[in-house]
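Okay, thanks for squeezing me in. Let me put the sequence and the model up on the screen, and then I'll talk you through it.

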Amino acid sequence: MVNPNATTHAAHAALARFGFRADDALRRAGYLSGGERLRGGLACVLGGTPPPALLILDEPTSHLDLSGIEALKATLTAYNGAVLVVSHDQAFLETLELDRVVQLKK
């Protein structure tokens with residue numbers, strides 16, 4: 001269990017913020033798509049108390065549909081910690097209003 005001190009209500013609320021409502025919140029991770037696993041993992045990590053001070057995300061939009069990307073954007077813009085994100089999705093990066101961008105060239 002990722003957050004053993006969380007109440008059932010708090011766990012369901014965290015999952016609902018990432019689109020897991022009702023019976024979807026009870027699905028086993030092994031039956032989730034790649035995008036659902038990312039959303040579920042973020043719900044678990046960000047639903048904890050306290051949330052982590054740093055998130056490291058590698059291509060977080062790769063397996064997400066449009067609603068998943070919107071949920072991720074909303075979550076990251078409301079997040080008070082530091083975010084290190086690697087992404088080729090320029091539109092996604094622009095919405096995060098990043099303080100620093102490091103662009104690697106071949």
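I'll go through the strands, the core, the pocket and a few loop residues.

Quick housekeeping: this is a predicted model, where local features need pLDDT of at least 70 and side-chain atom pairs count only at pLDDT 80 or more, while totals for chains, interfaces and linings use all residues. Residues are numbered from 1 along each chain as its sequence is written, and side-chain values use heavy atoms, with hydrogens and water left out.

Let's start with the strands. When I say helix or strand, I mean a DSSP run, H or I with at least four residues for helices and E with at least two for strands, numbered from the N terminus. S1, residues 54-58, pairs with S2, residues 82-86, in the parallel sense over five bridges. Pairing here means that DSSP finds at least two bridges between the strands. Ile56 sits opposite Leu84 in S2. To get from S1 to S2 the chain goes through H3, and that β-α-β crossover is right-handed. In other words, with the strands pointing away from you, the path from the first strand over the helix to the second runs clockwise.

So which S1 side chains are buried? Leu55 and Leu57, which point to one face, while Leu54, Ile56 and Asp58 point to the other and are not buried. Buried is under 20% relative accessible area, exposed is over 50%, and partly exposed is in between, with a 1.4 Å probe and protein chains only.

Now the core. By nonpolar core I mean buried Ala, Val, Leu, Ile, Met, Phe, Trp, Tyr and Cys residues joined through side-chain atoms within 4.5 Å. The largest one has 19 residues, and Leu76 and Phe92 have the most contacts inside it. H2 (34-46), S1, H3 (66-78) and H4 (90-95) each give it two or more residues. Phe92 also touches residues far along the chain: leaving aside neighbours within four places in sequence, its contacts (heavy atoms within 4.5 Å) include Thr61, Ile69, Leu72 and Leu76.

Thr61 is in the loop between S1 and H3. Why does Thr61 count as buried? Because its relative accessibility is 9%. With the same neighbours left aside, Thr61 is in contact with Ile69, Leu72, Ser87, Asp89 and Phe92.Next, the pocket. On a 1 Å grid over the protein atoms alone, a pocket is an open set of points where a 1.4 Å probe fits, with protein on both sides within 12 Å along at least five of seven lines, and lining residues have an atom within 4 Å of a point. The largest pocket has a volume of about 900 Å³, volume being the space filled by probe spheres set on the points. Of its 24 lining residues, Val85, Leu93, Leu98, Arg100 and Val101 are the closest to the centre. S2 supplies the largest share of that lining, five residues.

Last, two loop residues with a backbone quirk. Most residues other than glycine have a negative phi. Ala22, in the loop between H1 (8-17) and H2, has a positive phi near 55°. Ala22 is exposed, at 63% relative accessible area. Glu59, in the loop between S1 and H3, also has a positive phi, about 50°, and is partly exposed at 21%.

That's my tour, so over to you.
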